[in-house]
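Q: Please take a close look at one strand of this model and its partners. What does the strand pair with, how is it covered, and what lies around it?

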Amino acid sequence: MVAILSCGPDDADTLDRRSAFKQSMDYSEAWRAGTWQGKDTHLALLVDEQTGTVRWLARARAGRRVTSRDRAVMLSEVSALDEEPSLQELRQALPARHRDVVRARGVLSPAAGEAVVKALLSLLTFSQHLVERLGRPTATIPRGRRGELLNQERDATGMLLEFEGIDRSALRDWQPSDVADVPFLAGLPEYNEREDALIAHDVELFSDWTAVPNRNIAWRTFTDGPRRVHIMNANRTPVEHTTGVDVVYHNEARNSFVLIQYKRMIADRSGTQKELFYRPDNQLTIELERLGRIDDLCRDQPGEFRLSSSAGWLKLCDPDPRTDDPRSLIKGMYFAREHFLELLGTCKGPKGGPRIGYSNVSRYLNNTEFTGLVRDGWIGSRGVATEEIARLIRESLETGHAVVVGVSA
């Protein structure tokens, strides 16, 4: 579906800033509610009223009502065009029966929208990829256990990109697979750098780390020029038997490892409001012992100063796989292993058993705080043996975990 929006001078200044700095926050514009039915996402042609040209493209979807007649339209991925075709040029490139649509505003009919896309592509030379990318429907992560696992793998991939300060927009190109046990990374397109010698080296390294039968491995390389991170996603267990996701991040420059164990919170709906909390599962003891071995290796090691000697962390996260923006990280609470052990002894539920949630934990790290500390080298191992990390990765796979590994290069 295609929509056309007009932008005044104030809107133009805002859109220029967002397209230049790649701001992730949605930009909203009020529009007549009758024009925006449903919650589909559309390719939006943003027209500068002063110049009469199509200056930007974006994704647009209907938001909440702001007045009795108006609805907020949420714009995301605002991108400035290298060429700025005028409405008159666009009109002339359209078949005669569709030429009047350039005067319309709002969502176009499917036939008119298809004609506008073809006409726009014929007028553009350097920005055709934007039309194709923004016009492609955003994939939806399925519900159920498969969706929860894919969402955690998506989140882990986004977290590893955030550690490197690399834009997470590539995650919007993900497309679901008909094969149930395919890792999240397999749904992202491969890039031309696949044959790079450094990447080939890391593929061999990953293969050694995951030398277990029936493994299902996908890997991708992400870069913004000077920075590069290789990410591997491995899982040898059917989705219905996968017990969680482990994340391993290795910063070669700092010789540092960080390990994150995902734990799914559940919703308590017995009260007036939904409350998310985590109650220990059958795998927790094994997983804490595994993280503890890493922490034991990290103690009293020489190297850069760290705020904590712990390299093992746990993330308690929302179980809902639905997200409007694939780049967003799952809301959750991060705890160092030692802190988490303390909480197991102090945070209790109504029946006296361990129960950890937002209502009874006052101190934790959120996404922004945690990723910033890792990115700046304030937390993570120092002097830890790579061979031991590799052994723990194999253990994770053998005990039914999906593993997402990121190597900073």
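A: His250 of β9 has Phe257 in β10 as its bridge partner. This is a predicted model, and the pairing belongs to a run of 6 bridges that join β9 to β10 in the antiparallel sense. The two strands form a hairpin with 4 residues between them, and Asn255 there takes a positive phi near 50°.

On β9 there is a second pairing, with strand β16 (residues 401-408). Here the sense is parallel, and the strands are joined over 8 bridges. One of the facing pairs is Asn251 of β9 and Ser408 of β16.

How far is β9 buried? Of its 8 residues, 8 are buried, so the strand is largely enclosed by the rest of the structure. In a regular strand the side chains alternate between the two faces of the sheet. For β9, one side carries Gly244, Asp246, Val248 and His250, the other carries Val245, Val247, Tyr249 and Asn251, and both faces are covered.

Some of these residues also border an internal space. Asp246 and Val248 are among the residues that line the largest cavity, which has a volume of about 90 Å³. The structure holds 7 cavities of 30 Å³ or more. Strands β9 (244-251) and β10 (256-264) and helices α7 (284-298) and α10 (386-398) each supply at least two residues of the lining of the largest cavity. Besides the two residues already named, the lining includes Leu259, Ile260 and Gln261, then Glu287, Arg290 and Leu291, and also Leu392, Ile393, Ser396 and Val403. By type, the lining divides into 7 nonpolar, 2 polar and 3 charged residues.

From β16 the pairing continues to strand β8. β8 and β16 run antiparallel and are joined by 6 bridges, with Met232 of β8 standing opposite Val405 of β16. β16 therefore has β9 as a parallel partner and β8 as an antiparallel one, as strands count as paired if DSSP finds at least two bridges between them.

β8 (residues 228-235) is also mostly covered, with 8 of its 8 residues buried. Arg228, His230, Met232 and Ala234 point one way from the strand, Val229, Ile231, Asn233 and Asn235 point the other way, and all are buried. Arg228 and Asp246 are thus charged residues in buried positions, because Asp and Arg count as charged, with Arg228 buried in β8 and Asp246 buried in β9.

The next partner of β8 is strand β7 (residues 216-223), which runs antiparallel to β8 and is joined to it by 8 bridges. Thr223 stands opposite Arg228 in this pairing. β7 and β8 form a hairpin with 4 residues between them, and Gly225 in the turn has a positive phi of about 115°. The β9 and β10 hairpin likewise has 4 residues between its strands, with the positive phi at Asn255.

Elsewhere in the chain there is a separate piece of pairing to set beside this one. An open sheet of 3 strands has the order β11-β12-β15, and its pairing is antiparallel. β11 (266-268) and β15 (356-357) stand at the edges with a single partner strand each, so one side of each is left without a neighbour in the sheet. β12 (residues 275-278) pairs with β15 over 2 bridges, and Tyr278 stands opposite Ile356 in β15.

A helix gives another view of burial. In α4 (residues 128-135), Leu130, Val131 and Leu134 are buried. They cover an arc of only 100° around the axis, which puts them on the same side of α4. An α-helix has 3.6 residues a turn, so residues three or four places apart point the same way. The buried residues of α4 pack against β3 (41-48), β4 (53-65), β5 (70-80) and α3 (110-123).

For the chain as a whole, the secondary structure comes to 10 helices and 16 strands. Of its 409 residues, 51% count as buried. Among contacts between residues at least 6 apart in sequence, 70% join residues at least 24 apart.

Methods. Residues numbered from 1 in each chain as written. Predicted model: local features only at pLDDT ≥ 70, side-chain atom pairs only at ≥ 80, totals over all residues. Heavy atoms only, no water. Buried < 20%, exposed > 50% of the residue type's maximum accessible area, 1.4 Å probe, protein only. Arc of directions from axis to C-beta. Contact = heavy atoms within 4.5 Å. 1 Å grid on protein atoms, 1.4 Å probe; cavity = no way out; pocket = protein on both sides within 12 Å on 5 of 7 lines; lining within 4 Å. Points joined across faces, edges and corners; volume = space filled by probe spheres on them.
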